[in-house]
Amino acid sequence: MRTALTFAFVLVAAAAERSTDPTFLFRHLPSVPAAALTPTCHYKPAFTSGGVIRGVARFGELTLDSGAACPAETLPAEEQAWVVLDGACTLHYGDQQIPLRRHDFFYVPPALAHSLSGGPCRAVVMGYKIPPTTRVQPP
């Protein structure tokens, strides 16, 4: 019993030291205006860098029209996780071309060139900031 009480006290003390941002964030993505990365590649940011969630650089929805291509990007201080929600497209990942379809997940490490082409498809991307003190070697 004493061990359980000690454990409970440690958990409460640890939780008290942790700071939490009580900000509530809500977006209905269909109502968020899309930014055209190209005439056929569109990005809807739920929020962007400088938002309320620490460590998250971006979270949003990318829509690729049929036969389209998004510009390639290389982000030296950001890693990304993606999920394809609908459709099919091709991921250009470094020097590889990987076919994607609905429900596929992929991870992009920092400093690796990547883009999507083909389509139509719709995907969600979440980018995580790499702290400035962390040294990242390209894959």
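These questions and answers look at the cores and the largest pocket of a predicted model.

In this model, local features need pLDDT of at least 70, side-chain atom pairs count only at pLDDT 80 or more, and totals for chains, interfaces and linings use all residues. Residues are numbered from 1 along each chain as its sequence is written, and side-chain values use heavy atoms, with hydrogens and water left out.

Q: What makes a set of residues a nonpolar core?
A: Its members are buried Ala, Val, Leu, Ile, Met, Phe, Trp, Tyr and Cys residues, joined through side-chain atoms within 4.5 Å. Buried means under 20% relative accessible area, with a 1.4 Å probe and protein chains only. The largest such core here has 19 residues. Leu64, Trp82, Leu100, Phe106 and Leu116 have the most contacts inside it.

Q: Which elements give two or more residues to this core?
A: They are β2 (41-47), β3 (56-64), β5 (78-93), β7 (105-108) and β9 (121-129). The largest share, 5 residues, comes from β5. Strands are DSSP runs of E, at least two residues, numbered from the N terminus.

Q: What makes Leu62 a contact of Trp82?
A: Contact means heavy atoms within 4.5 Å. Trp82 is in contact with Leu62, and also with Phe106 and Leu116, among others beyond four places in sequence.

Q: Which residues that line the largest pocket are closest to its centre?
A: They are Leu37, Leu62, Pro71, Glu73 and Trp82, out of 13 lining residues.

Q: How do the lining residues divide?
A: There are 8 nonpolar, 3 polar and 2 charged. Pro counts as nonpolar and Glu as charged, so Pro71 and Glu73 fall into those groups.

Terms used
Buried < 20%, exposed > 50% of the residue type's maximum accessible area, 1.4 Å probe, protein only. Helix = DSSP H or I, 4+ residues; strand = E, 2+ residues; numbered from the N terminus. 1 Å grid on protein atoms, 1.4 Å probe; cavity = no way out; pocket = protein on both sides within 12 Å on 5 of 7 lines; lining within 4 Å.
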